[in-house]
Amino acid sequence: MGACFNGKPEQLPTVTALSTTEESWERLRHVDSLHVEAGNVHSTPGHHARAPGSWQRTMHLAFQSIGVIYGDIGTSPLYVYASTFTDGINNTEDILGVISLIIYTIALVPLLKYVFIVLWANDNGDGGTFALYSKICRYANVSLIPNHQPEDRNLSNYELEVPSSRLGRSQIIKNKLESSTFAKIVLFLCAILGTSMVMGDGVLTPSISVLSAVSGIKGLHGDSVAYISAGILVVLFCVQRFGTDKVGYTFAPAICVWFSFIAGIGVYNLIKYDVTVLRAFNPKYIVDYFRRNGKTGWVSLGGVFLCITGTEAMFADLGHFNVRAVQISFSTLVFPALSLAYIGQGAYLTKFPENVGNTFYACIPSPLYWPTFVVAVMAAIIASQAMISGAFAIISQSLSLGCFPRMKVIHTSAKYQGQVYIPEINYILMIACVLVTLGFKDTTNIGNAYGIAVLTVMLITTCMVSLIMLVIWKTSIWLIALFFGVFISIELIYISSVLVKFTEGGYLPLCFAAVLMTIMGVWHYTHVHRYMYEITNKVSSDYVRQLANINRLPGIGLVYAELVQGIPPIFRHFVRNVPSVHSVVIFVSIKSIPISRVLPEERFLFRQVEPKGCGIFRCVVRYGYNDVINKAEEFENELIKKLKSFILHQNVMPAVHRAAFTINSNGLSSLNDQSGEKVVEFVERAMEQGVFYLMGEAEVVAVEDSNFLRKFMINKAYNFLRQNFQQAEQRLAIPHDRMLRVGMTYEI
C-alpha cells in the first residue's frame, strides 16, 4: 500500500476544527500510519481506571459493593456444615477442627489472596479470567489472531510499563511467550476453561442458593422444596431482561440486613451454647481433626471449601467499584460477619450435633426465624443474580475477542456499560438450573459439583496472576514463589478432595466445560485460520491501481472486513462480479482490543489507499471488550466526521504530496493539487447520496487433503455454529435496504 506519513509530531501545524467540539489533532496525530508506530498519545484515565478519589466516595462504593458482590459468599452459611458432615458428627471435637479450617480458609484465600493481592491485577478496573488474559495479551503479543498494530499501544488504557534493563527476566519470559505457539495455546485454553467454569457457576449458584434458602420452610421436604425452588428460578431468569441494576439493587439492602442477622445470631449462639469454641483459632485443632479422621477428614474438605464460594465474584465484579472499596467492605464487615456466623453455628452443634443437616435454620432463635427466612431467600436471589450477571459479562467479553459464536448482546444500563443481557445464554442457564434443581433435589451433590467449578477458576487465577507478577509487575522471584507455592498447594488439596466425589455430582461442571470449550475452541480455531487465509490472499496494490477506470456509483460504500493489514479478497471477488464501486470506498475493520474500553477520540485509525485519486480509504475501528457498538446512523456520522478530520490533517502535513478529488461528468475522481476543503466537500456530497454496506459472506471449508477431524470441525461444526447464531449485520445493526451481501468460499 501507499507510503506512510512520518512527519515529526511536534512540527505539525494546528488544523481549524470542523466544529466547536472537534478534538485537537495534536492529540490524534499520526493516526494514518496503520503499519508504522504512531506518535505518543498522552495518557488520560479511562472509564475504568478509577482514581482513588475521596474517602467519602470510597466509603460510598464500599457500601454499594456489599449489596452487589457478596451475595454468594454471604449465603454459604446456609449449607457448609451440612455439606461437611454428610454422615453426621461422631465426635464433638471435630466441630472445633472444622471451625478452625473454615476460619483459616476464609482468612487465606478470600482475604489474603484475593482482597490484598489478586484485586491489584485488574485490567483498567475490570476483573475476571478474561481480564487477566487480556492484560497478558496486551503486554506480550500472545493472541492467536495476528492483528496486532503498533498504534494500539498508544491507546490511553493500553499503557504498560516497559521492563527495565535491570530486570531482564521479564523481557526474556515475554520473548519466550511470544515465540511459543504452545504457550499461546495453553493461555487461550486457560482463558476459555475459566470462562466455561464461570458459566457452570451461573448454573450451580442459583440452584444451591435457592434450594438452601427454601429448605427453611417448615414441613416441606424433598420434591416440594425442589419444585418451589425451580419456580423461583424461572421467575428470576424471566426478569433478567430488565437489567442487573434494576434486579440487583432492588434487593441490595437485604444483603446488609443479612450480614447483620448472621453476625448477631452467631454472637447469640456463641454466648448461649459454648463460648469455648473460640479455641478453634488455634490451628492445632486442624491437625487433631485430620489425625482422628484420616481419609474421611480429607474428603470432608469438599464441604469446608464451600465457605469461600463466591470469592471469584469479588474479582469478576470489580469493574463497578475500586480496589480500596472492596478491601474495606470485605475486611470490616464480610469477614467478621462470616466468622461469627460459622463460630456461632459450631457452638450450637456442640450441644445439638444431631441437627447438623439443618444447622442454619435450627440455630435461629424462634422470634427471628421467619424474618431470617425471608432475608435468606432475598440473599439467595442476589447471590444468584451476581453469578448470572457474571456469566453474561464474561460471554460478552469472549464474543468481543472472537472466542464465542456471535449472539445478541443487550446493554441494560446507561450508567454501567458492562451490564449486559444475552437472551440465548439466559434461557440456556434457566433450563440448566431447573434441570439441576429437579435432578439433584438437595444441596449435597450440587455442592460437590460447585466446588470443582470454583476451584478450577481459582487455580487458573493463581497461575495467571503469577505470570503477571513475573512479566508485568516484575516482583521478586521469592515473593512470586511464596504466592504460587502457598495458594496452589491449598487449592490442589481442596480440589483433590472434591474430585473424590466425581461420580456424586462432581462430573457436572466438567460436562459443562467440555461442551463450552468445544464450542469456543472450534469457533476460535476456524476464526484464526480464516483470518490467516485473508492475510495470504489480500488484494495487491497493483490490483487497486487498475480500478482507476472502473465505473463509479454515487454515494459512500462501507466494505466490512476483519482484516486490518490490507484489503480482503472478498473485494476482488465483488469487483469481478459487479464491475463498479462507489465514488468513496472505505474498508472498515471492526477490531477488538484487549482492554476494557477505548476512548471515543482514539477509536478510529485511517489511511488513504494509493493511488490517492481512487477515493479508497481504510479504517480500523477499535473497540474494547466492554465497549458498545453504535447503531448504524450514529456510526456513519462518527466515521465520516473522523474521515473529514483525517483528510484535513493529511492535507496540511509538511513535505507530503497532497491528494484531493474533483468530480467529472461521469462521477469519477482524479488527483489534483487542490485543498483539503475541496476533498471534504466531495465526501459530504457523496454522503448526501447515501451510505451503503458491503458485507462479505464467506463459507469456510477445509482443503481436500485435510484429515477427518479437521474437516468435521470446519465443514460441519463451525458452519453449524455460524448459521445458527447471530450474523454480523445483525450485531452491527446494519439496515437491510442499504446492504449487499457477497458470497465467497475460503478453503483453509
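Helices H4 and H19 lie oblique to each other in this predicted model, because their axes cross at roughly 135°, an angle that falls in neither the roughly perpendicular band of 65 to 115 degrees nor the roughly antiparallel range over 145. The two axes come within 12 Å, and the crossing is left-handed. On the H4 side, the contact is built from Leu101, Thr105, Leu108, Val109, Leu112 and Lys113. H19, which covers residues 477–499, answers with Phe483, Phe487, Ile490, Glu491 and Tyr494. As general background to this kind of pattern, an α-helix has 3.6 residues a turn, so residues three or four places apart point the same way.

H4 itself runs over residues 93–116, and its length checks out: at 1.5 Å a residue, its 24 residues should span 34 Å, and the end C-alpha atoms sit 33 Å apart, which agrees. Of those 24 residues, 18 are buried, so H4 is largely enclosed by the rest of the structure.

Helix H5, at residues 129–139, takes this further. Eleven of its eleven residues are buried, so H5 too is largely enclosed by the rest of the structure. The buried set isn't just greasy side chains: Phe130, Leu132 and Ile136 are among them, but so are Lys135 and Arg138. What do the buried residues of H5 pack against? The partners are H6 (168–179), H7 (181–214), H13 (311–316), H16, H18 and H20 (507–536).

One of those partners, H18, also holds Thr461. With a relative accessible area of 1%, Thr461 is buried, since the cut-off for that label is under 20%. Setting aside neighbours within four places in sequence, Thr461 is in contact with Tyr114, Val118, Leu132 and Glu312. Leu132 is itself one of the buried residues of H5.

Just past H18 comes a backbone oddity. Lys474 sits in the loop between H18 and H19, and its phi is near 55°, a positive value in a residue other than glycine. Most residues other than glycine have a negative phi. Lys474 also counts as buried, at 11% relative accessibility.

H16 (residues 369–400) has another packing partner in H8 (residues 223–238): the pair meet at an angle of about 50°, with axes 11 Å apart. That angle makes H8 oblique to H16. The crossing here is right-handed. H8 brings Ile232, Leu236 and Phe237 to the meeting, while H16 supplies Ile381, Ser384, Gln385 and Ile388.

Zooming out, the protein has 26 helices and ten strands, and 60% of its 748 residues count as buried. Contacts reach well along the chain: among those between residues at least 6 apart in sequence, 83% join residues at least 24 apart.

The largest nonpolar core holds 162 residues, and the members touching the most others are Tyr70, Phe259 and Phe330. H18, spanning residues 443–473, gives the most to this core, with 19 residues. Tyr70 shows how these pieces connect: beyond its neighbours within four places in sequence, Tyr70 is in contact with Ser65, Phe259, Met314, Val326, Ser329, Phe330 and Val334. That list includes Phe259 and Phe330, the other two residues named as touching the most core members. There is also a second, separate core of 32 residues, which includes Trp523, Leu547, Val585 and Ala698.

Two residues further along the chain round out the picture. His529 has its place in helix H20 and is partly exposed, with a relative accessible area of 27%. Not counting residues up to four places away in sequence, His529 touches Arg710 and Ile748. Where does Glu747 lie relative to His529? The two are 218 residues apart in sequence, yet their C-alpha atoms are 9.7 Å apart in space.

Arg552, by contrast, belongs to a strand, S3, which covers residues 551–560. Arg552 is buried, with a relative accessible area of 7%. Its C-alpha atom and that of Val581 are separated by 5.1 Å, although the two residues are 29 apart along the chain.

Conventions
Residues are numbered from 1 along each chain as its sequence is written. This is a predicted model: local features need pLDDT of at least 70, side-chain atom pairs count only at pLDDT 80 or more; totals for chains, interfaces and linings use all residues. Side-chain values use heavy atoms; hydrogens and water are left out. Helices (H or I, at least four residues) and strands (E, at least two) are DSSP runs, numbered from the N terminus. The expected span of a helix is 1.5 Å times one less than its number of residues. Buried means under 20% relative accessible area, exposed over 50%, partly exposed in between (1.4 Å probe, protein chains only). A nonpolar core is a set of buried Ala, Val, Leu, Ile, Met, Phe, Trp, Tyr and Cys residues joined through side-chain atoms within 4.5 Å. Contact means heavy atoms within 4.5 Å. Axes are lines fitted to C-alpha atoms, for helices over the stretch in contact, and angles run from 0 to 180 degrees between N-to-C directions. Angles under 35 degrees count as roughly parallel, over 145 as roughly antiparallel, 65 to 115 as roughly perpendicular and the rest as oblique. A crossing is left-handed if the near helix is turned anticlockwise from the far one by less than a right angle, and right-handed if clockwise.
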